[in-house]
Amino acid sequence: MNHTDHQAPGSSRISGTMNQLKVVAINASPHKDNGNTALILGPFLEGMKEAGAEVQIFYTNNLKVNPCRGDVICFCRKSGRCIQSDDMDWLVPKARDADVLVFASPIYTDGVTGPMKMVIDRLVPLITMPIEVHEGHCRHVPRDEKVRKIVFASNCGLWEKDNFDPAIAHMKAIARNINAEFVGALIRPHGMLMNQAMELGLAVDEILSAARQAGHELAITGTIADSTLDAISRDLLPRDQYMIHVNHVCAGLCERLGNEN
Ligand SMILES: Cc1cc2nc3c(=O)[nH]c(=O)nc-3n(C[C@H](O)[C@H](O)[C@H](O)COP(=O)(O)O)c2cc1C
């Protein structure tokens, strides 16, 4: 596997130091670096690198990850190794070693993409088979003592921010159940506008700066301010105008693609 495939655009890995924050990001957009998810994820990761973090990015489209077989062998093994052999062989140890996990995915049918869910299912070796009560709630005993941080980065085609609610609820539940801290969600509603924003004369610079700022804040303080997250998700166009724009773009797309059998 060519790992340089997975490097963030224009990035170079910062060489390791003892206390360097280790960040593992997984981008599950099939459009990889050319997608709208990457538009927010890119500056966020750059912000963390500028603040001294070691950042590695992986694209589900470049990975071979089989679906979980549900045999619970990884749960039971001391090593946590899955019986299958694929790219999770090395991604699980990387995730275990990480201080911050960034799950980046566009919204597909009100959740993360299928490949992202497959990776998350296969991260189940982060926990073990026995269950315990933690803060009044049952969960599996974590495999490691370390409390990792989880960030969700996403964009969606529809206009309202509440389109992210199911995916954010899912991320919070994952964090609770794998002994991680959910730090926040970088969400970009009507994200399809970001690519065309310059042409349309919309100011996206503040959004990209806020994403970079979020990276700085997380690397330096361990949290991201609500005001920074709000700046990332702020409205770009009133809903009525967005609908006119999207329906116009989609009509053109279907005209081009829809004539084929
Ligand atoms: C199969 C499919 C399902 C989608 N479902 C939703 C959805 O439920 N809600 C939404 O707002 N956008 C939905 N979208 C739109 C994507 O979230 C949007 O196109 C996004 O910008 C894609 O990000 P990317 O460029 O990083 O791949 C869907 C797109 C596809 C292809």
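How many helices and strands does the protein chain have? I looked that up before anything else. I'm working with a predicted model here. The protein chain turns out to have nine helices and seven strands.

Next entry: overall build. The radius of gyration of the protein chain is 19 Å, and the globule rule gives 18 Å for 261 residues, so the chain is as compact as a globular protein of that length. I also checked the C-alpha trace, which spans about 55 × 50 × 40 Å along its principal axes.

Then I went looking for the ligand. It sits in the largest pocket. I found 15 residues around the ligand, and S29, N36, T37, I107 and N155 come nearest. Sorting the residues of that shell by type, I got six nonpolar, eight polar and one charged.

Which atoms of S29 and I107 lie close to ligand oxygen atoms? For S29, I noted a polar side-chain atom 2.7 Å from an oxygen atom of the ligand. For I107, a backbone N or O atom lies 2.8 Å from a ligand oxygen atom. D110 joins in with its backbone too: one of its polar backbone atoms is 3.0 Å from an oxygen atom of the ligand.

Last entry: cover. On its own the ligand has 650 Å² of accessible area, and I jotted down that the protein covers 73% of that.

Terms used. Residues numbered from 1 in each chain as written. Predicted model: local features only at pLDDT ≥ 70, side-chain atom pairs only at ≥ 80, totals over all residues. Heavy atoms only, no water. Near = heavy atom within 4 Å. Polar contact = N/O pair within 3.5 Å; in protein donor to acceptor, adjacent residues only side chain to side chain. Areas by Shrake-Rupley, 256 points an atom, 1.4 Å probe, with all protein chains shown as cover. 1 Å grid on protein atoms, 1.4 Å probe; cavity = no way out; pocket = protein on both sides within 12 Å on 5 of 7 lines; lining within 4 Å. Sits in = over half its atoms within 2 Å of the grid points. Nonpolar A, V, L, I, M, F, W, Y, C, P; charged D, E, K, R; others polar. Helix = DSSP H or I, 4+ residues; strand = E, 2+ residues; numbered from the N terminus. Rg over C-alpha atoms; globule rule 2.2 N^0.38 Å.
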